Amino acid sequence: MPAALTIGNFSCATHLSVKTLRHYHRVGLLVPADVDAGTGYRRYTTDQIPTAQVIRRFRDLDMPLDESHAVLEAPDLSTRNELISAHLASLEKDLARTQSAVASLRDLLARPSAVAAVSQRRAAALTAAAVTAVISMDDLVPWYLGALGELHAALDALGARAPGPAGGIHAGELFADESGEATVFVPTATQIQRLGRVEPVVVPAAELAVIAHPGSLADVDRAYGALAAYVASHALQVDGPTREYYLVGRQDSADENTWRTEVCWPTFNTGAAA
């Protein structure tokens with residue numbers, strides 16, 4: 001029979017605090033071998049030490065308790081390894097995002113004014129296939145990817161061809177209130193029929209201040225900041241949604257370094273030189 005340990009000694013053996021052990025007991029992650037009905041004292045056994053050590057490492061890897069529980073209760077080694085691998089993949093994704101944010105911050109600190117020049121142009125009205133929805137800011141990226149994929153699939157199904165790059169239109173409320181209307185569109189040579197969420201639209205003509213943003217959209221706020229400063233300093237402000245044109249994007253290349261996006265701010269054209 002394995003030897004019994006008080007909760008204090010088990011805490012010392014596993015480097016998990018008494019408070020943590022009590023919490024793990026409450027949520028069913030690590031249940032004591034015995035709980036005295038009269039005193040409520042918890043007692044563990046020495047064969048629970050390896051399980052506690054595994055849980056501690058899961059905690060060091062920021063694995064949620066429900067995922068840790070699923071791993072411990074996995075019916076076989078293959079399932080257990082799949083669950084652990086999935087969490088490790090999530091950590092790697094988070095690490096890549098952190099590294100990207102660090103690189104962007106260092107570049108911003110080193111080159112606070114390193115943005116492209118702003119130009120002005122008139123965008124002509126164009127026919128397009130579009131998906132429009134009111135979304136939250138947190139859902140913008142997954143919604144955009146899903147909508148863009150649906151647009152290209154619909155055009156393939158209709159035998160239509162895009163004569164230009166895809167684009168996006170964002171209402172100001174999306175940024176100000178973290179929820180607002182967004183549209184993703186792909187230009188078409190002629191008006192298409194509605195298919196699922198994809199509908200024919202006419203993207204209206206507009207006077208725009210335009211800046212080219214290279215690379216990932218993770219730091220596209222720098223382009224927006226430069227545009228806002230330009231428009232304000234030239235007294236060109238008008239109400240209206242901002243636009244993006246995806247000249248080179250995810251559909252064209254998996255390498256974010258090759259992406260190129262035009263970020264556009266609506267303006268009132270005074271005819272003055274930029």
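**Exercise 1. How many aromatic pairs does the count come to by the ring rule?**

Before we start, a word on the ground rules. This is a predicted model, in which local features need pLDDT of at least 70, side-chain atom pairs count only at pLDDT 80 or more, and totals for chains, interfaces and linings use all residues. Residues are numbered from 1 along each chain as its sequence is written, and side-chain values use heavy atoms, with hydrogens and water left out.

*Step 1.* Set the rule: rings of Phe, Tyr and Trp (its six-membered ring) pair if their centres lie within 6.5 Å; planes under 30 degrees apart count as stacked, over 60 as edge-to-face and the rest as tilted.

*Step 2.* Apply the rule, and the count comes to four aromatic pairs.

**Exercise 2. Classify the pair Phe175 and Tyr224, then place its two residues in the fold.**

*Step 1.* The ring centres of Phe175 and Tyr224 are 5.9 Å apart and the planes meet at 50°, so this pair is tilted.

*Step 2.* Now the elements: helices (H or I, at least four residues) and strands (E, at least two) are DSSP runs, numbered from the N terminus. Phe175 belongs to helix H7 (residues 172-176) and Tyr224 to helix H8 (residues 221-233), so the pair ties together parts that are 49 residues apart in sequence.

*Step 3.* For accessibility, buried means under 20% relative accessible area, exposed over 50%, and partly exposed in between (1.4 Å probe, protein chains only). Phe175 is partly exposed at 38%, whereas Tyr224 is buried at 13%.

**Exercise 3. Do the same for Phe185 and Tyr245.**

*Step 1.* With 6.0 Å from centre to centre and 80° between the planes, Phe185 and Tyr245 form an edge-to-face pair.

*Step 2.* Phe185 sits in strand S7 (residues 179-187) and Tyr245 in strand S10 (residues 242-248), so the pair ties together parts 60 residues apart in sequence.

*Step 3.* Phe185 and Tyr245 are both buried.

**Exercise 4. Describe the overall form of the protein chain.**

*Step 1.* Begin with the elements: the protein chain has eight helices and 11 strands.

*Step 2.* Compare the radius of gyration (over C-alpha atoms) with the globule rule (2.2 Å times the number of residues to the power 0.38). The radius is 27 Å, well over the 19 Å that the rule gives for 274 residues, so the protein chain is more spread out than a compact globule.

*Step 3.* Along the principal axes, the C-alpha atoms fill a box of roughly 90 × 45 × 35 Å.

*Step 4.* Of the 274 residues, 32% count as buried.

*Step 5.* For contacts (heavy atoms within 4.5 Å), take those between residues at least 6 apart in sequence: 70% of them join residues at least 24 apart.

**Exercise 5. Which residues does Ala205 touch, not counting residues up to four places away in sequence?**

*Step 1.* Find Ala205 in the loop between strand S8 (199-203) and strand S9 (206-214). Ala205 is partly exposed, at 34% relative accessibility.

*Step 2.* With that exclusion, Ala205 touches Arg122, Ala123, Ala124, Ala125 and Arg243.

*Step 3.* Look at Arg122 in particular: 83 residues separate Arg122 from Ala205 along the chain, and their C-alpha atoms are 7.2 Å apart.

**Exercise 6. Contrast Gly215 with Thr267: where is each, and what does each contact?**

*Step 1.* Gly215 is in the loop between S9 and H8, and Thr267 is in the segment after strand S11 (260-266).

*Step 2.* Gly215 counts as buried at 9% relative accessibility, and Thr267 counts as buried at 7%.

*Step 3.* Setting aside residues up to four places away in sequence, Gly215 touches Glu256, Asn257 and Trp259. With neighbours within four places left out, Thr267 contacts Glu207, Leu208, Ala209, Val231, Leu236 and Val238.

*Step 4.* For a long span, take Gly215 and Val71: they are 144 residues apart in sequence and 38 Å apart from C-alpha to C-alpha.

**Exercise 7. Is His15 buried or exposed, and what is its phi?**

*Step 1.* His15 lies in the loop between helix H1 (7-14) and helix H2 (18-26). At 57% relative accessibility, His15 is exposed.

*Step 2.* Although His15 is not a glycine, its phi is positive, at about 60°.

*Step 3.* Turn to Glu178, in the loop between H7 and S7. Glu178 is exposed at 55%, and its phi is near 60°, a positive value in a residue other than glycine.
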